[in-house]
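Reader: Please take one part of this model and go through it slowly with me, because I am still learning how to read a structure.

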Amino acid sequence: MLLRCITWILLFVSLNAFPAAFTETEFEEIRAEIRSASSQSPLEAISTTEYFLFKFDKQLSTRQKIRLLYGKAWFQIQTDDMHSAISTLSQCKKMSIEVSDPTILYSYYSLTAGALTRMGLYERALENYLESYKLAALMDTELFLRQTENNIGNVYLKLSRYEDAKSYFQRFYQDAKQRDLAQQMAVGLNNLGEAHFGLGEYQIALAFHKQSLSLRKQNEFTYHSSWSHHNLGKTYIALGELELAKQHLERATKIRKDSNAIADSIGPQIDLMKIKLSQKAYEGTETRLKEIIKLSDEYTRHQEESEAYQLLKMYYQQINDLQSALDTSALLMQSKLKFLQGQAEIGVAFHAAQMNLAIKERDIAKLTQENAIHQLNTQAVKTQLIIMIIAMVIIILLTGYFVRRIKSKNLVLIKTLDNLKATQKQLLEAEKMAAMTTLVSGMAHQLNTPLGLVVTSASCLEEKLKEIRQLLSDQTLSATQLKIFLEEASEMLALTANNSGRAADMIARFKQIATNLDTSDASNFEVLGFLTQRCTLISQSIEPDIVLTVTGDTVDIHSHPETLIKVISQLVNNSCAHGFIQQSSKHIDIEVKDGSNHVLITYQDNGIGISEDDQKHMFDPFYTSQLGEGNLGLGLNIAYNSVVHILNGEIGYEHQTNGVKFVINIPKKSQNTRVK
């Protein structure tokens, strides 16, 4: 009796301590609940997935956990939470080591490529699709191959390689047709329509989209039919049939909103606004566009946000509200910068995740090696008890083995270091391109307004001149009309001359970026005396109520004196233009301190100071707190480049409660002899 009780107790404990693993049927029931949650929203699906992973951690197999995590990553991609998606996929990749199933790795590369495509990182996406394509070739079914080809076609579509995309889509559609897979057939028809649309073959595109919509309606693929409606709307716009386009775009918007796919409803709404602007139907346009912008920002859809800002700018231009158009242009640039920044962050997160995976795999290999060493040492001890000679042989063999292993590891580390150096070089090149983009965008933005006014004025003058010529030809020109024309022509010419002068002045100031980075030969000079002498001259060119003082140590250096005084002049000009707005007492103090191998120059004023937000961008080109008041935002950028690239020093800003404080640190002996 006692033995039977003990047996029952042990059975009860074992059942509670080691719950039975889920069968595939039970696992599919869990996935069905997650799919049901996803019909409400992707966020609800993520929350449900996390709940099941936590609740059934002991009962889910590694393969089942990975499949649930893949679903979670897909929902995170749908909500544009790319950082979390990349992290989840990295977790899956680490767990996949325990599972010998090629479909697991196939899903990893496909989902990773999908996330990268969503962020516009198409080259990285193609690399991952290529890996998934290799794995698909190892599987028994053609379905994975065709699905991967369809994904590759979508990337080519984004890259405007429409002919290449079309060939992939045709193979995908024919395979789906042979298998009688209605949903895949509809996708293939839709994608073929997009490829022909990109090639400008709008009638062919129209036929494909109509077939796709018909197939989706027959099979009640309601949500997916919204993509057909959206593409039909865009095609009818291209064909000039705007009323039909509006019907399809409104239908696409309604379906996506009803399906709680709010973020996906932004695209057709933007196309509807394009139609309104083309028809000059301005009623409610501004409010609607601002709602779309707010929605895009809420769901972090930066590309759609940029398109909406572009349309809002076009609207302001059409109603001749130039100031609002200018303000919207600035917001448009910020939106594009946010998108680029998001791309860069996802790229860095992707590489960081790959690096973490490599480190973890190395740690696993290390632990495996340590375990092998432990076992071998144990065996060696046992062997020593039997015979000493055998033990010595084993030690020699092990020593040779580990020497080879170490050499192999060293070769791997050398290769990794080379890869890191190559990556660093690529990042530096990317940074240079980003700086060039900022410079060109800033120049274009600054020149846009005066040149636009010149063009407008010239166009108006041309129209007036045509009218006068016609009146003169008809011999109906009166003295009053001629007088009015001459007055208007004079005003337009004055406007043209004024804005041409503004544009020329801006171009001249842009040239200062290069001019101010040129310098004379380095020479020996005493810093305190030189600054005292030259600042006396600077004081004569600024407002008389500004007190400029130079104090400190006597320091002899070998550097570029003219470049140094240009830096000080830029800081003085910045104080005069931005700092002394409300102060009755205006002071600028420059202090020189002698260091061991360097000289420290501290520049301070008692102005209004620089806000913490502006401090983040103060050295960026074209950044100014007085946009539109004649300031280009180049002064501090020129000062920074002069100190860093010519004087081989550093310039930094220390936050003050009142006024500004710049600290310039330059070596006593310059490494540059001449900069051209």
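Author: Let us begin with Ser 160, which is partly exposed because its relative accessible area is 45%, a value that falls between buried (under 20%) and exposed (over 50%), with a 1.4 Å probe and protein chains only as cover. Keep in mind that the model is predicted, that local features need pLDDT of at least 70 and side-chain atom pairs pLDDT 80 or more, while totals for chains, interfaces and linings use all residues. Residues are numbered from 1 along each chain as its sequence is written, and side-chain values use heavy atoms, with hydrogens and water left out.

Ser 160 sits in the loop that joins helix H8 (143-158) to helix H9 (162-179), where helices (H or I, at least four residues) and strands (E, at least two) are DSSP runs numbered from the N terminus. Although Ser 160 is not a glycine, its phi is positive, at about 65°. Most residues other than glycine have a negative phi.

Turning back along the chain, we come to H8, the helix that Ser 160 follows. H8 is made of 16 residues and spans 23 Å from its first C-alpha to its last, which is close to the 22 Å expected at 1.5 Å a residue, the expectation being 1.5 Å times one less than the number of residues.

Which residues of H8 are buried? They are Leu 145, Arg 146, Thr 148, Glu 149, Asn 150, Asn 151, Ile 152, Gly 153, Val 155, Tyr 156 and Leu 157, a list in which you will find charged Arg 146 and Glu 149 as well as nonpolar Leu 145 and Ile 152. As for what surrounds them, these buried residues of H8 pack against helix H6 (102-118), helix H7 (122-138), H9 and helix H10 (182-198), with contact taken as heavy atoms within 4.5 Å. H9, then, is both the helix on the other side of the loop that holds Ser 160 and one of the partners of the buried residues of H8.

For comparison, look at Asn 320, which lies in the loop between helix H16 (302-318) and H17. Asn 320 likewise is not a glycine, yet it has a positive phi of about 65°. Asn 320 counts as exposed because its relative accessible area is 58%, whereas Ser 160, at 45%, is partly exposed.

At the loop between H17 and H18 you will find Ile 387, and this residue counts as partly exposed because its relative accessibility is 33%.
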